[in-house]
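The following exercises concern strand pairing, burial and contacts. Each task is followed by a worked solution.

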Amino acid sequence: ISVEGTAVRFTAPLPGRTSFTGDLSPDANTLAGKVANAQGQVGFHLARAGEAAVKLPPPSTLLTKDFEGTWEGALDANGKSLRVLVKLASGGDGKATGTLVSVDQGNMEIPISTVAIAGKQLHFEARAVSGTYQGTLGANGEITGEWAQGPGRLPLNLKRAPAEGGK
């Protein structure tokens with residue numbers, strides 16, 4: 001997100017790298033401009049309807065070795081299997097960062113907003129798709145859990161992905 005004077009610009013990774021360019025009105029009650037992605041561009045006009053209410057994601061916790069790395073699983077969505085990867089890494093401050101990859105949707109990468117680890121419990125939130133995951137690491141080394149997106153809830157069990165370059 002960048003703001004210079006009344007010009008506002010930002011890019012969203014979903015859907016398909018969308019960019020917004022607009023100008024804030026002098027009274028700061030409207031934002032108008034253009035939104036563009038690979039399919040083209042259209043104009044937009046947003047009007048303020050009350051005071052700003054931004055809920056920032058909670059900070060991630062420290063990443064433990066138990067959860068670090070790449071995990072794979074599949075969602076059964078209306079009889080169709082959708083493979084996913086969950087990539088968890090340690091940021092410069094030691095806190096967990098992550099990416100959710102939808103393998104069967106063109107390897108679409110979805111940023112994970114927050115990763116919280118408490119003992120053997122894993123919780124993460126992917127705000128870009130309004131999704132959350134809650135799982136428990138079992139003695140077998142697999143995470144048994146549930147993916148929730150909007151009103152839907154689906155089981156999602158994760159196992160460690162084979163190391164790159166070999167199985």
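**Exercise 1.** Which residues does S102 touch, not counting residues up to four places away in sequence? Determine also whether S102 is buried or exposed.

*Solution.* The model is a predicted one. Begin by locating the residue: S102 belongs to strand β8, which covers residues 96-102. Next, list its contacts: with residues up to four places away in sequence left out, S102 touches R83, N107 and M108. A polar contact of 2.6 Å also links the side chain of S102 to the side chain of Q105. Finally, assess burial: buried means under 20% relative accessible area. S102 has 6% relative accessibility and therefore counts as buried.

**Exercise 2.** Describe how strand β11 pairs with β10 and with β12.

*Solution.* Take β10 (residues 114-118) first: this strand pairs with β11 (residues 121-126) in the antiparallel sense over five bridges. Within this pairing, V115 has F124 of β11 as its bridge partner. The two strands form a hairpin with two residues between them, and G119 in the turn has a positive phi of about 65°. Turn then to β12 (residues 131-137): six bridges join this strand to β11, and the two run antiparallel. Here A126 has G131 of β12 as its bridge partner. β11 and β12 likewise form a hairpin, with four residues between them. In that turn, S130 has a positive phi of about 55°.

**Exercise 3.** Identify the residues that A161 touches, not counting those up to four places away in sequence.

*Solution.* A161 lies in the segment that follows β15 (159-160). Its contacts are T70, W71 and E72. For E72, 89 residues away along the chain, the C-alpha separation from A161 is 5.5 Å.

How values were computed
Residues are numbered from 1 along each chain as its sequence is written. This is a predicted model: local features need pLDDT of at least 70, side-chain atom pairs count only at pLDDT 80 or more; totals for chains, interfaces and linings use all residues. Side-chain values use heavy atoms; hydrogens and water are left out. Two strands pair if DSSP finds at least two bridges between them. Contact means heavy atoms within 4.5 Å. Buried means under 20% relative accessible area, exposed over 50%, partly exposed in between (1.4 Å probe, protein chains only). A polar contact is a pair of N or O atoms within 3.5 Å; within protein, one must be able to donate a hydrogen and the other to accept it, and residues adjacent in sequence count only if both atoms are side-chain atoms.
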